[in-house]
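Please look over the sequence and the structure shown below. The paragraphs after it lead through the two chains step by step.

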Amino acid sequence: TSPEEFFKSGHTNNWAVLVDTSRFWFNYRHVANVLSIYRSCKRLGIPDSRIILMVADDMACNPRNPRPATVFNNANNQINVYGDDVEVDYRGYEVTVENFIRVLTGRLPPSTPRSKRLLSDEHSNVLVYMTGHGGDGFLKFQDAEEISNVELADAFEQMWQKRRYHEVFFMIDTCQAESMFQKFYSPNILAVASSKVGEDSLSHHVDPSIGVYVIDRYTYYALEFLETVTPGSKKTMGQFLEVCPKYQCISTVAKRTDLFRRDVNKVLLTDFFGSVRNVELLPDSIHLQNATLHTHSEDSSDVKSDKPLSYAQQFPMPV
Amino acid sequence: MPGEEASEEKDKSIQHTAALSFGFICLIIGIPLWWKTTEVYRVNLPYSDIADLWNTKFQFTIDIDVVNLEKSWTDKDLTDLSKLLKANLADDRKVGAIFPKYRVAVRQAAEKQSSDVTSLKTLAALDEYFHGEESSVNKYLIVLMPVNNAVVKQTTIGNYRAVYLPAGKRDLKTVSSEVTEILHSVLVREDALLKSFQNFLGAREPKDKASMRSLSYHQGYDILFTLVNPQPDILDIDWSIKEAVEAYLSPMVKQLSDYINLDIKSQMLFFTGLRRKPHKDKKNSGFYYEETDLPHTINPLEANLGSHASNNPMLNFIVYVPSRDQHPLHIVLKNGEKVKTNSFLSPQWGGIVVQNLPSPPPNSSLPVRVTVDMKTVMEVFLTQLRLLMDFNIQVKKDLQVREVGNDVIREWELDNWLRKKCLENLATSISTLQSLTALLEGISNIVIQDDIGQQVENAVTGIKEAHRHLSSGQIARAFTQSRKALASSEKAFFDPSLLELLYFPEDQKFAIYIPLFLPIGLPILGSLFKAIKWIKTKRKQKPKTE
């Protein structure tokens, strides 16, 4: 596409919110799911500063992990999706329904650091990926609480009201996942789910050396598709929505395109998964007069303190 | 026996009086007490004011002064011109959500002014003369130049607030329509203002290039200058960025210090580069990037730029010195021509300029010290900054604009920016308040604290004040008020306390109250009915016995 067409897509930056909601060792595959999607997003260009990664449990440093500091998504291929440059923004018990809603709506306490905020604006395309255990109308967080589809729809409406997104691509890989996007009513949301209401999403294969399933079916086939995508690729979202037919996934992949204004067959995959920039050449510049550059001498006002520095008392001992 | 009957009657009447008094206390005192103690604390918000603001039409006032230096025009000509101008400016412009009001004054120049002007030989001198004499914020000067003036051959817009029109040979109608055209397309631009106002109010029209390129207003921007040197072992690059920023950028920062905070930082990056391989130029020995290669060069670089701590948007300006195996590197247009500035910008992000520094001569001791020409680099960066911060205004080819030079921002461009950002801030505040009230009215379970009520009040007052200042033509004050209104409305909307009460949902309220009230309620109601029936029978008895 020529640079003129970039301006037609309406977005100038990309964000990703990737959430894994399950805890415990036997839910290893959910952590592998979300880290694999994280790797794909990074490879296609979205920087860490614009990815919010929420992982509910620590598999890499789990005492039951026979290969510490690694998480694999395939028993054979051995790609370490944890790597040494992963940046998890919300970890362990910080992954709660309240924090997730606060991230989406922006109602975070003022002390929240920048890396934990979703600073999207009206020109941002946001990819939201959720995985874990779900049911009809809810998604389980941390084995203790749930987020309902009504709350999620309200959160997206809050985002729309405050112009915090241009378009959203919502991907969910859980059981009965379709129910989570049924209540959406805000415009410009494209949604895909790994199973319909009443169906379970199944996992793909087990790694005999660790004894747990390492990836889910829908995410496995989605990744297979994403591996063929390069940052300059022309593949469309329409092709992505057809990934994992019933004979591969066993559950039926459901999608929702009625809220999305553009034709999915004309939308590039990199509009959501990558970060292709618009550029504008500068034909001419203003002309400045030569100004004399004054070199700064050492500021004599910075008086060097003579007091020697020391560490503060770590444990206030009784004198 | 009458004694027993009487005492039985007495017992019954005591019982029923007791039941009645219990019922009385429950209904008259108990229920209001329970209602009051379980209501959610919600401060009163000015809902009607906010609804009114949605429908308010904002008027902004502009002053125009027309000064005539053309000797052949009489006072009558000037009165006619004034009438024509007023008619032109007040005509078919529809009254939209925002509308302009022009105050036009036409006069003859003083003798001294005419003689002074004939002695001025350059446009710069002319501009300085009128700047000193008559310029003030939001007041535009249209100077009708005499026919024999050597300096102004074509309609020219100066750097302050004056427009120079060679009026000599033209008639009144063309002059008046030209002035109107300049006002509508350059100095005031009502159409652009209306479009962006409606956009920020919620219209979501498809965007044009200019509005997608510039950042929307925030309380401050962070600006980061980076020098990328992939081979520091070969070239030791000296860029006096601190001094260059001090010399070229500080005047602009100071000019804008009342309106926006610009926080400037700089850094150097080593051993990293634009990872995309450039094409080899077969004709000359060199390398080039085409426009289609450029979008993919930014991402790998951005990963290394580092993040920062504030919540303000960041603009990145990068000087890239190519490695020796890609030297010299140029950016070319579709037709093969080199881009003069060798730079490009990315909307809402920043810009990159490629500096081809000379390679070290053979047999020199590495690393060789080279210096970056900060003037050319800052020229490119300041142009990009003007575009990214929405100061730049496209002017039609037939109008001449004076070269801006070291001032970087022309005063009428600043006025335009203040007006536009003020209206955008007002629109954003109004739509934020609107969605906040929709949220709070929709969900009755949210607690509204005092400080949120205070912020909303401040926002509403700020918007009204800004409107008042806009109508009287004081855009700087209007802008400051709009900035405060924006900050208050955002603070109220994004307050962390505005989450629905999760432990007292509406549909589960009955389940909470039934086990508390039903066991007591049934006996009390039962005895109340019995007591009332007893009173009725007593009343029926009384007339009988009477």
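**Two helical spans in chain B**

The end C-alpha atoms of residues 510-532 of chain B lie 29 Å apart, and this span is 100% helix and 0% strand. A second span to find is residues 17-35 of chain B, which is likewise 100% helix and 0% strand; here the end C-alpha atoms are 26 Å apart. An unreviewed UniProt entry gives both spans, 17-35 and 510-532 of chain B, the feature "transmembrane region".

Before going further, the reader should note that this is a predicted model. Its scores are ipTM 0.82 and pTM 0.85. For chain B the mean pLDDT is 86, and 96% of the residues in that chain reach 70 or more.

**The overall form of chain B**

Chain B contains 15 helices and 16 strands. Its radius of gyration is 37 Å, whereas the globule rule gives 24 Å for 546 residues, so chain B is more spread out than a compact globule. The C-alpha trace of chain B spans about 135 × 75 × 35 Å along its principal axes. Of the 546 residues in chain B, 49% count as buried. The accessible surface of this chain is about 27,100 Å², and 57% of that surface belongs to carbon and sulfur atoms.

Contacts in chain B often join parts of the sequence that are far from one another. Among contacts with a separation of 6 or more, 78% are between residues 24 or more positions apart.

**The nonpolar cores**

In soluble globular proteins, nonpolar side chains tend to be buried together. Which residues touch the most other members of the largest nonpolar core in this model? They are F225(B), L249(B), L256(B), L385(B), M389(B), W417(B) and V456(B), in a core of 117 residues. Helix α12 of chain B, residues 411-442, supplies the largest share of this core, with 13 residues.

L249(B) offers a useful view of how this core is joined. Apart from its neighbours within four places in sequence, L249(B) is in contact with F225(B), A244(B), I264(B), M378(B), L382(B) and L385(B). Two of these partners, F225(B) and L385(B), are also listed among the residues that touch the most other core members. A separate core of 51 residues includes Y28(A), I37(A), I210(A) and M237(A).

**The overall form of chain A**

Chain A has 8 helices and 13 strands. Its C-alpha trace spans about 75 × 70 × 40 Å along the principal axes. Of the 319 residues in chain A, 60% are buried. The chain exposes about 14,200 Å², with carbon and sulfur atoms supplying 52% of this area. Where residues in contact are at least 6 apart in the sequence of chain A, 73% of the contacts join residues at least 24 apart.

**Three places to examine in chain A**

Where does UniProt place the feature "active site" in chain A? The unreviewed entry gives H133(A) and C175(A). These positions span 43 residues in sequence, yet their C-alpha atoms are no more than 6.3 Å apart, so they gather at one spot. H133(A) is found in the loop between β4 (124-131) and β5 (134-135) of chain A.

Is H133(A) buried or partly exposed? A residue counts as buried under 20% relative accessible area; H133(A) has a relative accessible area of 25% and is therefore partly exposed. Not counting residues up to four places away in sequence, H133(A) touches T21(A), S22(A), N27(A), R29(A), H30(A), L139(A), K140(A) and T174(A).

D216(A) lies in strand β11 of chain A, residues 212-216. With a relative accessible area of 4%, D216(A) is buried. Beyond residues up to four places away in sequence, D216(A) touches R29(A), H30(A), N33(A), T131(A), D173(A), L202(A), S203(A) and H204(A). R29(A) and H30(A) thus appear among the contacts of D216(A) and also among those of H133(A).

The third place is A56(A), in the loop between β2 (51-55) and β3 (90-91) of chain A. At 0% relative accessibility, A56(A) counts as buried. Leaving out residues up to four places away in sequence, A56(A) touches D20(A), T21(A), S22(A), R23(A), G92(A), V95(A) and Q142(A). By contrast, the C-alpha atoms of A56(A) and Q161(A), which are 105 residues apart along the chain, are separated by 29 Å.

Methods
Residues are numbered from 1 along each chain as its sequence is written. Chains are lettered from A and ligands numbered from 1 in the order in which they are written. This is a predicted model: local features need pLDDT of at least 70, side-chain atom pairs count only at pLDDT 80 or more; totals for chains, interfaces and linings use all residues. Side-chain values use heavy atoms; hydrogens and water are left out. A nonpolar core is a set of buried Ala, Val, Leu, Ile, Met, Phe, Trp, Tyr and Cys residues joined through side-chain atoms within 4.5 Å. Buried means under 20% relative accessible area, exposed over 50%, partly exposed in between (1.4 Å probe, protein chains only). Helices (H or I, at least four residues) and strands (E, at least two) are DSSP runs, numbered from the N terminus. Contact means heavy atoms within 4.5 Å. pLDDT is the predictor's confidence in each residue, from 0 to 100. UniProt positions are given in the numbering used here, feature names are shortened, and annotations may be inferred rather than shown by experiment. The radius of gyration is taken over C-alpha atoms; the globule rule is 2.2 Å times the number of residues to the power 0.38. Accessible areas come from the Shrake-Rupley method with a 1.4 Å probe; for residues, only the protein chains shown count as cover.
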